[in-house]
Amino acid sequence: ELWNLWAFEEKKIDFRKEKKLAERCTLAFAAYELKHFLDKSDPDIDISVVEKPPVNAKFIELQIFDEQNGAAFELIPCQQGITLLGYGRNGIINAAYELLRLRGWRWLEPGPYGESPPEDKSFNWPLEKIKYKPSFYYRAMDAYRTSNDSKTLLLWMARNRCNVYFRKEATAALCDKLAMYSRYGGHLLQKMLQPDNLLPNGKNIWEGHREWFGKVNGKLISKKLATDTQLCLAHDSLFEYL
């Protein structure tokens, strides 16, 4: 039963430095989620978590392929079961939730109320190997306010394949366990484009590129209001500077 402890020891692990412990934690949690939801949808099946695939029973095997925090994964069926091969820790998380999706599970909103269990009792799992690779490298909801510091919300995002979260204190360790990227930052353009900041040619930004700053009612704004108004994004030189 140690796997049940490993699945929730994220606060004890330095995910940057302790790679083996990080992989063990994420693998164990993926196994926990598979067992948790399959126990709900298929109570007649005796599901247990073991270290090695059994000889005389159907199995779901979880493996992490050594690729730095990739998100791709493979579902590889065999006669006795299926192997979930994750490219990095986020890959194995995605693989587990994809298998549950194929089983019929959906997560429509955060929390138990949003869980939509399968209506069909049969397993619709692949018969041939399939590799999945996300179309977008970064997938997120920009929930940056303190009121969004919710483990329930973060789990819902992971179950729907998001991989970026605005880092917050209460959910930082869970974010690491799910192999999500931690985003931190905010409104930077006001600092980068202060009118008195100097350009390489010695002029300040206001003197050299007044056209970068927005207009109000068709008229150029004053220097005092330069960073309080939307920038004029029609200028390629602005993007080059940024």
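The largest cavity is lined by W107, E109, P110, G111, G114, E115, W156 and R159. A cavity here is a set of points on a 1 Å grid over the protein atoms alone where a 1.4 Å probe fits but cannot get out, and lining residues have an atom within 4 Å of a point. This is a predicted model, in which local features need pLDDT of at least 70, side-chain atom pairs count only at pLDDT 80 or more, and totals for chains, interfaces and linings use all residues. Residues are numbered from 1 along each chain as its sequence is written, and side-chain values use heavy atoms, with hydrogens and water left out.

**Cavity and pocket**

The count comes to one cavity of 30 Å³ or more. The space in the largest cavity is about 30 Å³. A volume is the space filled by probe spheres set on the grid points, which are joined across faces, edges and corners.

The largest pocket has a volume of about 1,200 Å³. A pocket is an open set of points with protein on both sides within 12 Å along at least five of seven lines. Its lining has 37 residues, and S48, V49, F59, I60 and E61 lie nearest the centre. Helix α2 gives the largest share of this lining, seven residues. At least two residues each come from α1, α2, β1 (59–65) and β3 (81–87). Helices (H or I, at least four residues) and strands (E, at least two) are DSSP runs, numbered from the N terminus.

The table splits three residue sets by class. Ala, Val, Leu, Ile, Met, Phe, Trp, Tyr, Cys and Pro count as nonpolar, Asp, Glu, Lys and Arg as charged, and the others, Gly among them, as polar.

| Set | Nonpolar | Polar | Charged |
|---|---|---|---|
| Lining of the largest cavity | three residues | two residues | three residues |
| Lining of the largest pocket | 25 residues | four residues | eight residues |
| Contact of α2 with α3 | 13 residues | two residues | four residues |

**Helices α2 and α3**

The axes of α2 (residues 19–41) and α3 (residues 89–103) come within 9 Å and cross at roughly 10°. Axes are lines fitted to C-alpha atoms, for helices over the stretch in contact, and angles run from 0 to 180 degrees between N-to-C directions. The two helices, α2 and α3, are therefore roughly parallel (an angle under 35 degrees). Residues making the contact include A22, T26 and F37 of α2 and R89, I92 and Y97 of α3. Contact means heavy atoms within 4.5 Å.

T26 sits in helix α2. T26 counts as buried because its relative accessibility is 0%. Buried means under 20% relative accessible area, with a 1.4 Å probe and protein chains only. Beyond its neighbours within four places in sequence, T26 is in contact with F15, R89, I92, I93 and K177.

**Other buried spots**

W3 lies in helix α1 (residues 2–6). W3 is buried, at 11% relative accessible area. Leaving out residues up to four places away in sequence, W3 touches A28, A31, Y32, K35 and V49.

Helix α4 (residues 151–159) is mostly covered, with seven of its nine residues buried. Among them are L153, W156 and R159. The buried residues of α4 pack against elements including α2, α3 and α5 (172–177).

L238 belongs to helix α8 (residues 236–241). L238 is buried, at 0% relative accessibility. Not counting residues up to four places away in sequence, L238 touches L193, W212, L231, C232 and L233.

Technical notes:
Angles under 35 degrees count as roughly parallel, over 145 as roughly antiparallel, 65 to 115 as roughly perpendicular and the rest as oblique. Buried means under 20% relative accessible area, exposed over 50%, partly exposed in between (1.4 Å probe, protein chains only).
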